[in-house]
Amino acid sequence: MKALITGITGQDGAYLAELLLSKGYEVHGLARRSSTADVNLTRLKWLGIEDDVRIVDGNLRDLSGLIRTMRDVKPDEVYNLAAQSFVRSSWQQPILTGEVTAMGVTHVLEALRIERPDARFYQASSSEMYGLIQEVEQSEATPFYPRSPYAVAKLYGHWITVNYRESFGMHASSGILFNHESPLRGIEFVTRKVTDGVARIKLGMADELRLGNIDAKRDWGHSKDYVRAMWLMLQQETPDDYVIATGRTTTVRDMCRIAFEHASLVMDDHLVIDPDLFRPAEVDVLLGDPAKAREKLGWEATISLDTMIREMVDADLERLKPTR
Ligand code: NDP
Ligand code: GDP
């Protein structure tokens, strides 16, 4: 089996590549050319798989390149993980976010429709699409109400995936994934900002950690669990949409406390609330209902928030500790 992962240099791309390699797949990854290509492959290097995947030069904004990639690689499964994925940046770069995170999905689907219409397709949709939540627990049936340019773009990506499935009979599935983290999470996201900040304070490299809205609540899981759900979706006879979540929600404050306590530090001695870090529109609370994934995919989250945050603090301590 041959898989193509867009966004292979990201957090999920790296873990998904690792999973597919362990299942015997030939793994190709689309990565955008950069003058710092060595840095871009950091996550794959971290997992020790950088020599096992085949990197294809490409960009989600470039349709002709994607068509060529589908023709050359001839993938059986395509996982579209590439996106401008940071909510806060999407207010700063709304047009780019729309071009990559929304229209980029159509580019990948078009390239597939032209070159590999029978390949199976996974779209990385997001719980951010629920935004101003319309139900306490969000399921596949909950109406969407996006609250950022990122979420609006993801909503387009979700519906165009549904539409290509219904219009052209493509095996296209959309995973509505709630927040998921790991030691490979981008440093701008709140969990990793916290675990990196705590590690710096512990090592005497910093004294404070500045955060915005710590009353926000998220349903946080581990990326390793979530990439398994992506693969399971594409193994089903029929394509469909699935919520992937833990079914538990926690405030940023309580998540932060886990990190400080793991490092034997007192959170209130170091945490500073910075009004500049509040967002123009907030998603106050997210809580997913993963019942359908449990029943149809036999999937459930296996790694708790506590375990994950401790793993992330330990990884950041290791990364930052002086080498002598
Ligand atoms: P990351 O931000 O870690 O990875 C994003 C990837 O997209 C990177 O490989 C990046 O490449 C690539 N990319 C960005 N722009 C382009 C472009 N124009 N052309 C090609 N590649 C591009 O995200 P995650 O791994 O955390 O998430 C994977 C997907 O899942 C994303 O679509 C995200 O929006 C979505 N998602 C994530 C959730 C989460 O909690 N992690 C929750 C729900 C959905 P580069 O390395 O060059 O920047
Ligand atoms: P998101 O859910 O995709 O936006 O993931 P993030 O990890 O970026 O943010 C999760 C929540 O943490 C949001 O409600 C943010 O407003 C909140 N938050 C509070 N302080 C910060 C901060 O300093 N950085 C980030 N990224 N988020 C913060």
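In this predicted model, Ser182 is found in the loop that joins strand 7 (180-181) to helix 8. Is Ser182 buried or exposed? Its relative accessibility is 0%, so Ser182 counts as buried, the cut-off for that class being under 20% relative accessible area. The side chain of Ser182 forms a polar contact with the side chain of Gln11, at 2.9 Å. When neighbours within four places in sequence are set aside, Gln11 is also among the residues in contact with Ser182, together with Tyr15, Arg192, His222, Ser223, Met308 and Met312.

**Helix 8 and helix 10**

The loop that holds Ser182 leads to helix 8, which spans residues 190-202. The axis of helix 8 comes within 9 Å of the axis of helix 10 (residues 252-262), and the two cross at roughly 35°. The crossing of helix 8 with helix 10 is right-handed. Which residues make the contact? On the side of helix 8 they are Val190, Thr191, Val194, Val198 and Ile201, while helix 10 contributes Val252, Met255, Cys256, Ala259 and Phe260. By type, the residues of this contact comprise 9 nonpolar and 1 polar, with no charged residue.

**Leu16 in helix 1**

Leu16 belongs to helix 1, which covers residues 11-22. Leu16 has a relative accessible area of 0% and is therefore buried, since buried means under 20%. Which residues does Leu16 touch, if those up to four places away in sequence are not counted? They are Ile5, Tyr79, Leu81, Val227 and Met230. A further position, Thr307, stands 291 residues from Leu16 in sequence, and the C-alpha atoms of Leu16 and Thr307 are 20 Å apart in space.

**The surroundings of ligand 1**

There are 24 residues around ligand 1. Which of them come nearest? They are Thr9, Asp12, Asn59, Ser85 and Tyr150. The table gives distances from oxygen atoms of ligand 1 to polar side-chain atoms of the protein.

| Residue | Partner | Distance |
|---|---|---|
| Thr9, side-chain N or O atom | oxygen atom of ligand 1 | 2.6 Å |
| Ser85, polar side-chain atom | oxygen atom of ligand 1 | 2.5 Å |
| Lys154, polar side-chain atom | oxygen atom of ligand 1 | 2.8 Å |

Thr9 and Ser85 are thus named twice: they are among the residues that come nearest to ligand 1, and a side-chain atom of Thr9 lies 2.6 Å from an oxygen atom of the ligand, with the corresponding value for Ser85 being 2.5 Å.

Technical notes
Residues are numbered from 1 along each chain as its sequence is written. Chains are lettered from A and ligands numbered from 1 in the order in which they are written. This is a predicted model: local features need pLDDT of at least 70, side-chain atom pairs count only at pLDDT 80 or more; totals for chains, interfaces and linings use all residues. Side-chain values use heavy atoms; hydrogens and water are left out. Axes are lines fitted to C-alpha atoms, for helices over the stretch in contact, and angles run from 0 to 180 degrees between N-to-C directions. Helices (H or I, at least four residues) and strands (E, at least two) are DSSP runs, numbered from the N terminus. A crossing is left-handed if the near helix is turned anticlockwise from the far one by less than a right angle, and right-handed if clockwise. Contact means heavy atoms within 4.5 Å. Ala, Val, Leu, Ile, Met, Phe, Trp, Tyr, Cys and Pro count as nonpolar, Asp, Glu, Lys and Arg as charged, and the others, Gly among them, as polar. Buried means under 20% relative accessible area, exposed over 50%, partly exposed in between (1.4 Å probe, protein chains only). A residue is near a molecule or strand if one of its heavy atoms lies within 4 Å of it. A polar contact is a pair of N or O atoms within 3.5 Å; within protein, one must be able to donate a hydrogen and the other to accept it, and residues adjacent in sequence count only if both atoms are side-chain atoms.
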